[in-house]
Amino acid sequence: MRFRIYRYDPESGAAPRVQEYELDFDAKGKKVLDALIAIKDTLDETLSFRRSCREGVCGSDGVNVNGNNVLACVTPLEGLKQPIEIRPLPRLGVIRDLIVDMAQFYQHYRAVKPYLINLDPEPENERPQSPQQRAELDGLWECILCGCCTTSCPSFWWNPDKFLGPAALLQGYRFIADTRDQATDERLDFLEDPYRLFRCHGIMNCVEVCPKGLNPTAAIGKIKSLLVKRAL
Amino acid sequence: MNSSQIPKRTFDAVIVGGGGAGLRAALQLSQANLKVALISKVFPTRSHTVSAQGGITAALANVSDDNWHWHMYDTVKGSDYLGDQDAIEFMCRNAASAVYELEHMGLPFSRLENGKIYQRPFGGQSQNYGGEQAIRTCAAADRTGHALLHTLYQRNIAARTQFFDEFFALDLIRDDEGTVLGVVALEIETGEASLFEARATLLATGGACRIFRHSTNAHINTGDGLGMVLRAGLPLEDMEFWQFHPTGIPDVGSLISEGVRGEGGYLVNKDGEKFMQRYAPNALDLASRDVVARAIAQEIRAGRGCGEQGDYVHLKIEHLGADKIMARLPGIRELSMQFAGADPITDPIPVTPTAHYMMGGIPTNMHGQVVSPVRYGPEEPTPGLYAVGECACVSVHGANRLGGNSLLDLVVFGRAAGQHVLEYLRDNPFPRPLPQDQVDKARARLARWDKPKGTETVAGLRDEMQRIMQDHCSVYRNEALLKQGLAMLDKVQARLPDAALSDHSRMFNTARLEALELDNLMAISRATLVSALARTESRGAHTREDFPLRDDDRWLRHTLYFQGAGEHLDQLDYKPVRLKPLTVETFQPKERTY
């Protein structure tokens, strides 16, 4: 199989480049991450990338393959056009090869206060929540923070420091939607901002790329309609 | 090498590992306004806790009649009586409050119609000490580990815990009196080592199933804390006990939750026979994991496996219907489609026993203090050192862990250890002098990989080691097989000094990380083979074909493995099982059937 992989060595002083690899590999049933590991183990130990769970739940290995943001570990090799071009997630700083600097992404995540705020005395047992109320959280809490959505969003490309991006906004809404949370107003106050929220123009790249099948655009839409309702 | 060159950071406590156990302990300390550093080799939500699926066990009695005494009985029985009954009582007694606490933190549990936390049946659960199936495992769909890990991380953000993400711990700093004073860690991005000085060090580095070729575990599960402990002269406990989960996807290893059988799934062989009725006539597919794993292995051996190679069996859930599968097992369906090419709504899932969990680990008491025999008894605390979670051996899981008890272990003992650290810090307010030679030793581990040329590669040796462990120390073991495995491992270990890297860069050098991890994996493989060879009985997950019966007269005791040097490389010692619970009567060992 033929690969073209983005390489950047921060210690060399050299500009980033694309390196070609020819890997003798039976692709049947295998994923992009399997190929990256095989290249590292047998051809080139210096090729660097993140990986952990290798089954699409930890969010370590978001990369851009043939122009699409994907998780390397759940993307089948079969059916990919060769040479397979693998690049780091777009718009974030590159630390080395396929490893990007996620600091900005995590900062936006922390900014939405991604934790339950409830100042009532803690009950003896669980706080009740009906299955219907709980169902409001489905499609929100499953986010794995891989960054595929945010780094595919043109609004984020233009204003990475000011626009929170789909992943952080999805988590913002996850707590607004939770019947146990009491900070909806405070959360909406923070989000009511021309950049943080309103740079989303419904381009929907995030929906297309999310490896978990989540829909950040819909969540952003719900935040916007809550803001409208509140203003009336 | 001058140790004064290495930057020093000082904290009250340092926690190594950002999974469920490390995060729960960190929360306890941050909320008490202590200065705590959590160092993790990956961003915390990449930790392996995220892969836990089925749930967390607690006798809430939301669905079936239940209480913690029954949970305790099941856990003792499941452990094949090797679990320490004081620690098991502590865990089961505190289970309900631990789960309610997680709910209060915001964990999105699935719900019952009455608004209470959803619970599902799991293997080895009973009412009334071995009676009817209990329904005890609390779940957030089939992504409970994800929900738990993210919730705990989020609470730590709120508590403003100081995180050192992508720092790799190299070694403990331990002075002549045995007190642990912190760790030396490598900042992965810069490649620079620094010293984290702390009056208390807590290891929460997770499991090590990457010693096997096929495992459900993440790539990062290389047992780094265990390697550090062995190098510091401390023992590992019960390393012969590794859980082979009955249902992993063949080759790939991905876990198919026990919750699938809890929701009504069942196993069949190539003849379509529900074979569990021959192995566990009462509990059937919800027998304990060791029992089901052996049953599947037997079917495969007898030529009744499915597929061209006959090396797996089928797990069927079509009869549950698409709605229930989508609501309760969406993650399983995704994994099955991605890695087995089977949509469980219409097709059976291929499964085979796969290395999943390390019951053994760093010996601790129920406060999380690392204990070892020093002078006065088998369990003297090591001042300043704690261990929690899969890397620790409390021992609540004994010879076989029950499903749903590992997430519980993380939060109950993470909290307990955090609490004990608070007391320890209060009683030990001043730092002690740092032994310089220890710092230099840790840095030498790093410098060793600067060696320019070698005849062996890290990937090559790791692959050989994993094959040896898979072929010689799997579900079924015997003396000849283990001895041969140990002889082969000897040879591989002897070649380790000849290994070198071709990547000598500093910044984000993942090849060097893998080399450092290999040191830990090799030491753990060795501890496993030596401990397994010595235990001439079958108990829980340790099945010796040449000693098929449990032998309580000789073996109702814990193994301790020390790493020596030269001719005395492997040293074994033993300590008694704590059969006396805290308040209730002992569950006396008896024959274990399901």
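**Strand pairing and packing in chains A and B**

Student: Which residue in E4(A) stands opposite A:Gly62?
Tutor: The model is predicted: local features require pLDDT of at least 70 and side-chain atom pairs pLDDT 80 or more, whereas totals for chains, interfaces and linings use all residues; side-chain values use heavy atoms, leaving out hydrogens and water. Residues are numbered from 1 along each chain as its sequence is written, while chains are lettered from A and ligands numbered from 1 in the order written. Strand E3 (residues 62-65) of chain A pairs with E4(A) in the antiparallel sense over four bridges (strands are DSSP runs of E, at least two residues, and helices runs of H or I, at least four, numbered from the N terminus; pairing requires at least two DSSP bridges). Opposite A:Gly62 in E4(A) stands A:Leu71.

Student: Which strands stand at the edges of the sheet in chain A, and why does each have a side without a neighbour?
Tutor: The open sheet has five strands with mixed pairing, in the order E2-E1-E5-E3-E4. A strand with a single partner leaves one side without a neighbour in the sheet, and this therefore applies to E2 (17-22) and E4 (68-71).

Student: What is the bridge partner of B:Trp242 in E14(B)?
Tutor: Strand E11 (residues 242-248) of chain B is joined to E14(B) by five bridges, and the two run antiparallel. Strand E13 (residues 313-316) of chain B also runs antiparallel to E14(B), with three bridges, and B:Leu315 has B:Ile349 as its bridge partner there. For B:Trp242, the partner in E14(B) is B:Met358.

Student: How many residues of strand E14 in chain B are buried?
Tutor: Buried means under 20% relative accessible area, exposed over 50%, and partly exposed in between, with a 1.4 Å probe and protein chains only. Strand E14 (residues 349-358) is mostly covered, and its buried residues number ten of ten.

Student: Is B:Ser406 buried or exposed?
Tutor: B:Ser406 belongs to helix H11 (residues 405-427) of chain B. Beyond its neighbours within four places in sequence, B:Ser406 is in contact (heavy atoms within 4.5 Å) with B:Tyr357, B:His397 and B:Arg401. Because its relative accessibility is 16%, B:Ser406 counts as buried.

Student: How is H14(B) oriented relative to H15(B)?
Tutor: Helix H14 (residues 479-495) and helix H15 (residues 510-534) of chain B pack at about 155 degrees with axes 10 Å apart. Axes are lines fitted to C-alpha atoms, for helices over the stretch in contact, and angles run from 0 to 180 degrees between N-to-C directions. Angles under 35 degrees count as roughly parallel, over 145 as roughly antiparallel, 65 to 115 as roughly perpendicular and the rest as oblique. The angle therefore makes H14(B), relative to H15(B), roughly antiparallel.
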